[in-house]
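Please work through the exercises below with the sequence and the model in view. Each task is followed by a worked solution.

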Amino acid sequence: MWEQVQETVNYIKEKTNFTPEYGVILGSGLGSFTDDILIEYTLPYTEIPNFPVSTVQGHKGALVFGTIGDKKVVAMQGRFHYYEGYDMKQVTFPVRVMKYLGVTKLVVSNASGGVNPNYEVGSIVLITDHINMMPEHPLRGKNEDRFGPRFVNMSEPYSKAMIAKAKTIAKDNNIIVQDGVYMGLQGPTFETLSEYRMVKNIGADCVGMSTVPEVIVARHMELETFGLSVITDMGDEENIEEVNHAEVLKAAEKAEPHVRKLIKELIQQY
């Protein structure tokens, strides 16, 4: 893994000569955030050694390098998921690469199903914590000490300082945001009525199929991390909504202008 990461980093540096401070991982329906970046380089995943390839509709599959204000950013247009058939080390490989390109702060976004009755479709949730229910752990196996410690402190997976700043930005821009705990499940099926009930009873507010492994690996390497979720469907205990991926994309795209504003301002101001 170490050698693969260094090979990929060296390739990207040769192609871009670019040292980003921020890494951004864009979830389903949120890919046009890159319109807010003054783009200097775009590298399709298919051209990057050791990189997986996105297979999910709504995930374009490219690394985008550029600036937002005076901040240098690398953004992933499309992430990788365990349900696509990749193992967790492949899923989180880009986060390792970001670290060694120079990234110190990571912003992750996703589309998720809500179980908190205070949410509605289109709600923007600032992730305060997560519950890992994935069947494989990205740090399983022999630890590579050059990446980080064997046992990772997860008492603050999502930066309280970044959350506080995001709340201030939201208030200043009349953007309604909520707090929430995100649960990561394997997918790719949407949750059953009983599974939504389980999510709520365990203590989560929303549920999705990504983000958690990325954040674990980010914290392994001491990247300061901020997470945001767009609620694209509601899993009511009594009357589950029918949902499909096209509807998820549509709901995420509706909330996208506010999400873009929030992330853009956070990167510029923090």
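The exercises that follow concern a predicted model.

**Exercise 1. Burial of a helix**

Task: Determine how many residues of helix 6 are buried, and state what follows for its surroundings.

Solution:
- Step 1. Helix 6 covers residues 212-220.
- Step 2. A residue counts as buried when its relative accessible area is under 20%.
- Step 3. The residues that meet this condition in helix 6 are Val212, Pro213, Glu214, Val215, Ile216, Val217, Ala218 and His220.
- Step 4. Eight of the nine residues are therefore buried, so helix 6 is largely enclosed by the rest of the structure.
- Step 5. After helix 6 comes Glu222, with a positive phi near 60 degrees.

**Exercise 2. A strand and its partners**

Task: Establish whether strand 9 is largely enclosed or open, and find in which direction strand 5 runs relative to strand 9 and how strand 6 runs relative to strand 9.

Solution:
- Step 1. Strand 9 spans residues 224-234, and ten of its eleven residues are buried, so strand 9 is largely enclosed by the rest of the structure.
- Step 2. Strand 5 (residues 105-114) is joined to strand 9 by ten bridges, and the two run parallel.
- Step 3. Within strand 9, Met234 stands opposite Gly114.
- Step 4. Strand 6 (residues 124-132) is joined to strand 9 by three bridges, and these two run antiparallel.
- Step 5. Leu126 has Leu228 of strand 9 as its bridge partner.

**Exercise 3. Aromatic pairs**

Task: State how many aromatic pairs the model contains, and classify the pair formed by Trp2 and Tyr100 and the pair formed by Tyr45 and Phe51.

Solution:
- Step 1. The count comes to ten aromatic pairs.
- Step 2. The rings of Trp2 and Tyr100 lie 5.3 Å apart, centre to centre, with 80 degrees between their planes. Planes over 60 degrees apart count as edge-to-face, so the pair of Trp2 and Tyr100 is edge-to-face.
- Step 3. This pair links distant parts of the chain: Trp2 belongs to helix 1 (residues 2-16) and Tyr100 to helix 3 (residues 93-101), 98 residues apart.
- Step 4. Trp2 is buried, at a relative accessible area of 17%.
- Step 5. The pair of Tyr45 and Phe51 is tilted, with 5.3 Å centre to centre and 40 degrees between the planes.
- Step 6. Tyr45 is buried, with a relative accessible area of 1%, and Phe51 is buried at 9%.
- Step 7. Tyr45 and Phe51 also belong to a cluster linked by ring pairs, together with Phe80, Tyr86 and Phe93.

**Exercise 4. Charges over rings**

Task: Identify which ring lies beneath the charged end of Lys72 and which ring has Arg96 over its face.

Solution:
- Step 1. The charged end of Lys72 sits over the ring of Phe18, at 5.2 Å from the ring centre.
- Step 2. Arg96 lies over the face of Phe147, 4.4 Å from the ring centre.

**Exercise 5. Unusual backbone geometry**

Task: Describe the peptide bond from Gly187 to Pro188, and characterise the phi values and exposure of Asn17 and Asn50.

Solution:
- Step 1. As a background, most residues other than glycine have a negative phi, and most peptide bonds are trans.
- Step 2. The bond from Gly187 to Pro188 is cis, with omega near 5 degrees. Pro188 is placed in the loop between strand 7 (177-184) and helix 5 (193-202).
- Step 3. Asn17 has a positive phi of about 50 degrees. Asn17 lies in the loop between helix 1 and strand 1 (22-26) and is exposed, at 70% relative accessibility.
- Step 4. Asn50 has a positive phi of about 75 degrees. Asn50 lies in the loop between strand 2 (38-44) and strand 3 (62-68) and is partly exposed, with a relative accessible area of 33%.

Notes:
Residues numbered from 1 in each chain as written. Predicted model: local features only at pLDDT ≥ 70, side-chain atom pairs only at ≥ 80, totals over all residues. Heavy atoms only, no water. Buried < 20%, exposed > 50% of the residue type's maximum accessible area, 1.4 Å probe, protein only. Helix = DSSP H or I, 4+ residues; strand = E, 2+ residues; numbered from the N terminus. Pairing = 2+ DSSP bridges. Phe/Tyr/Trp six-rings, centres within 6.5 Å; stacked < 30°, edge-to-face > 60°. Lys NZ or Arg CZ within 6 Å of the ring centre and 35° of its normal.
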